[in-house]
Amino acid sequence: TGRIGGDREALLAGRRQMRTTGRAVLGVLLVAAASASRLPLSNRPKSGLSAFVLAGAGKGLVQQRRGAAGAICPATRDGAGRERTQGDAAALRPRRGVPGVLGACSASMAGTEGSGPRQKDLDLYHKMMACEDPDLKAAISGSLDVLGDAIRLYGPKGCYASFNGGKDAVVILHLFRAALARHGEATGDWEKPRLVYFEHPDEFPEVEAYLKESVATLDLAMTSFECGYAEGLSQLIDAGGGRPLAFVLGTRRGDPNCKEQGSFAPSSGHMPPFMRVNPILDWSYGRVWHFLRTMGLPYCSLYDQGYTSLGKTHNTRPNPALAKGGDEYLPAYALADW
């Protein structure tokens, strides 16, 4: 009996020692994981996201290139103005598209972390809510409610807005800023607006300049792709671990792709799964311009040169209805027959 009791005590002591050792090993692993989360992106596990992130003011343009393993590396420029990834002497091809100064990636993929109170965005939200214009008051409130629902359902990190520099996208940008500010004020969860832009070789230089200025001035987080919509959005979803994504669009009634969409519409079958969010679905051309001018919001300079819709350089011209004579045109907001 004494021997059995002694063996039992030894067994229990051994188990206690194993638990103590296990806790110590777990602690070491947790410390190692915390340290790894602070490593530069070039030393962390690879991501599938391609293209680049336009970080906000002070961070410049951050290039994200996808290699064979989907590597994302901080990018810098060499003395000749060519891009180089840190730790790699091979020069990448010169950047085309949206101009900017290349800077180093932050560990949180520049611009996607909580950014603290965003006073400009909050001021814009309060300005919108104070608007008493009979054509805008209810429209603004309704649009902010749609965006608020999207943020509540998908979270501020799961909501992206399409931003291509067009007038409808400009409206979306600023409504999105205001909705995120309202969410931040209510919850303390402040996030930069996340935007998506698809590059095109025939983009207007004026559009590219406007995009760059907007990102820098408003401290936005923009992801830009050099591929098609389906591929780019698939990469965006994969980069978020497959989490549900809401994509805010400037779709309005009468647009060719609108069809029977509502404020919330699941993506089409040929696209990756995401929720389309249409906060200005019932806005007219006139209301778009009334909103931008009443709120004093900047827009692409081409709209002051007679352009009423911005496609690409090969298929877009000023609107003849705005011609003043010669090569001069009235601004887009002067169009009467819309």
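Student: How many salt bridges does the structure hold?
Tutor: This is a predicted model. To count, a side-chain nitrogen of Lys or Arg must lie within 4 Å of a carboxyl oxygen of Asp or Glu. By that rule, the number of salt bridges is 13.

Student: Which residue forms a salt bridge with Glu 203?
Tutor: Glu 203 sits in the loop between strand S6 (194-198) and helix H5 (205-218). Its partner is in the loop between helix H7 (285-294) and strand S11 (323-325), 109 residues apart from Glu 203. The closest N and O atoms are 2.9 Å apart. The partner is Lys 312.

Student: Is Lys 312 buried or exposed?
Tutor: The cut-off for buried is under 20% relative accessible area. Lys 312 has 19%, so the cut-off is met. Glu 203, at 6%, counts as buried too. Lys 312 is buried.

Student: Is Lys 324 buried or exposed?
Tutor: Lys 324 meets Glu 328 in a salt bridge, 3.9 Å from N to O. Exposed means over 50% relative accessible area. Lys 324 has 53%, so the label is exposed.

Student: Which residues do salt bridges that share partners join into one network?
Tutor: A shared partner links one bridge to the next. The network formed this way consists of Arg 118, Asp 121, Arg 177, Lys 192 and Asp 219.

Student: Which helix gives the most to the largest nonpolar core?
Tutor: The largest nonpolar core has 61 residues. Ile 140, Phe 163, Leu 175, Trp 283 and Phe 291 touch the most other members. Eleven of the core residues come from one helix, spanning residues 167-187. That is helix H4.

Student: How many residues are in the second, separate core?
Tutor: Nonpolar side chains tend to be buried together in soluble globular proteins. The second core includes Tyr 160, Phe 225, Leu 233 and Leu 245. Its residue count is eleven.

Student: Is the aromatic pair of Tyr 299 and Tyr 303 stacked or edge-to-face?
Tutor: Both Tyr 299 and Tyr 303 are buried. Their ring centres are 6.4 Å apart, with 70 degrees between the planes. Planes over 60 degrees apart count as edge-to-face. So by this cut-off the pair is edge-to-face.

Student: Which ring does the charged end of Arg 293 sit over?
Tutor: The ring belongs to an aromatic cluster that also holds Trp 289, Tyr 299 and Tyr 303. The charged end of Arg 293 is 3.6 Å from the ring centre. The ring is that of Tyr 333.

Notes: Residues are numbered from 1 along each chain as its sequence is written. This is a predicted model: local features need pLDDT of at least 70, side-chain atom pairs count only at pLDDT 80 or more; totals for chains, interfaces and linings use all residues. Side-chain values use heavy atoms; hydrogens and water are left out. A nonpolar core is a set of buried Ala, Val, Leu, Ile, Met, Phe, Trp, Tyr and Cys residues joined through side-chain atoms within 4.5 Å. Buried means under 20% relative accessible area, exposed over 50%, partly exposed in between (1.4 Å probe, protein chains only). Helices (H or I, at least four residues) and strands (E, at least two) are DSSP runs, numbered from the N terminus. Rings of Phe, Tyr and Trp (its six-membered ring) pair if their centres lie within 6.5 Å; planes under 30 degrees apart count as stacked, over 60 as edge-to-face and the rest as tilted. A charge sits over a ring if NZ of Lys or CZ of Arg is within 6 Å of the ring centre and within 35 degrees of the ring normal.
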